[in-house]
Amino acid sequence: MAIFSLLVTATPYSAQGQFSALQFVRVAINNGHSIKRVFFYADGVLVASRLNHPPSDEINLTKAWAKLAIEQDIDLVVCVTAALKRGITNHAEAERNALTGENLDPAFEISGLGQLTEAMLESDRLITFG
Amino acid sequence: MKSLFILNNPTKLDACLNAMSTQDGLLLIEDAVIATHHSGLSCVTYALEEDLIARGLSQLVKQHLVNSNIKIIDYTQFVELTLQYDKTVSWL
């Protein structure tokens, strides 16, 4: 059985990549593979805001990732530079950068590109969804 | 070293094909499944069934498949395909 990591750069709702990535993770796990990490980069980080609130008849991508992460113990990592640039922050980064408020969904963590490099080194395959 | 090129944008098909070697494979996903109608696909080509169905192309492609080298795959086969190649290249 293989270890996968994903790099997700697709913007939520205007592109399909986030949904495709979710599907890939679900199916990989159902077939006995494991997911080392999902790394969100560029516009992909926008999915990590807990304030995303799509209409109730549409998929809530933030909650879908969070549910999967909690059920399957998957590491969801958001690039700190890409996140801050787009108004996504947790408490620590808000304090460090003198920002008011925080909106990172608790299922995600903020970190650096080193986490992507590590995921690439420790996985059999890295699959990009953009 | 053989790579699986994953294409999600049909307008970038030509550039993607130019970058591929003969032993590489092409997987069409998302909007790029419409490229199943492209006549110049000489490489090993796969198309994601879920995305074909979402665009109403599934039956059309299946009827055309008799003399084509396009294989229709599901997500389980997508996952396994990434392991059959040495690496994947998402052509964005």
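**Figure 1. Where chain A meets chain B.** In this predicted model, the contact draws 19 residues from chain A and 21 residues from chain B. Put the two chains together and about 1500 Å² gets buried between them, with 56% of that on carbon and sulfur atoms.

**Figure 2. A:Q16, A:F24 and A:R125 at the contact with chain B.** Zooming in on chain A's side, these three residues supply 34% of the area that chain A buries against chain B. No other three residues supply more.

**Figure 3. The fold of chain A.** Here we're looking at five helices and five strands. Trace chain A along its sequence and the pattern reads β-α-β-α-β-α-α-β-α-β. The radius of gyration is 14 Å, close to the 14 Å that the globule rule gives for 130 residues, so chain A is as compact as a globular protein of that length. As for the box that the C-alpha atoms fill, it comes to roughly 45 × 35 × 25 Å along the principal axes.

**Figure 4. Inside chain A.** Of its 130 residues, 50% count as buried. Now for the contacts in chain A with a separation of 6 or more: 76% of them come from residues 24 or more positions apart.

**Figure 5. The surface and charges of chain A.** Chain A exposes about 6200 Å², and carbon and sulfur atoms supply 51% of that area. Turning to charge, chain A carries 14 negative side chains and 10 positive ones. The centres of these two sets sit 3 Å apart.

Terms used. Residues numbered from 1 in each chain as written. Chains lettered and ligands numbered in written order. Predicted model: local features only at pLDDT ≥ 70, side-chain atom pairs only at ≥ 80, totals over all residues. Heavy atoms only, no water. Helix = DSSP H or I, 4+ residues; strand = E, 2+ residues; numbered from the N terminus. Rg over C-alpha atoms; globule rule 2.2 N^0.38 Å. Buried < 20%, exposed > 50% of the residue type's maximum accessible area, 1.4 Å probe, protein only. Contact = heavy atoms within 4.5 Å. Areas by Shrake-Rupley, 256 points an atom, 1.4 Å probe, with all protein chains shown as cover. Lys, Arg positive; Asp, Glu negative; His and termini not counted. Charge placed at Lys NZ, Arg CZ, Asp CG, Glu CD. Buried area = accessible area lost by both parts, 1.4 Å probe.
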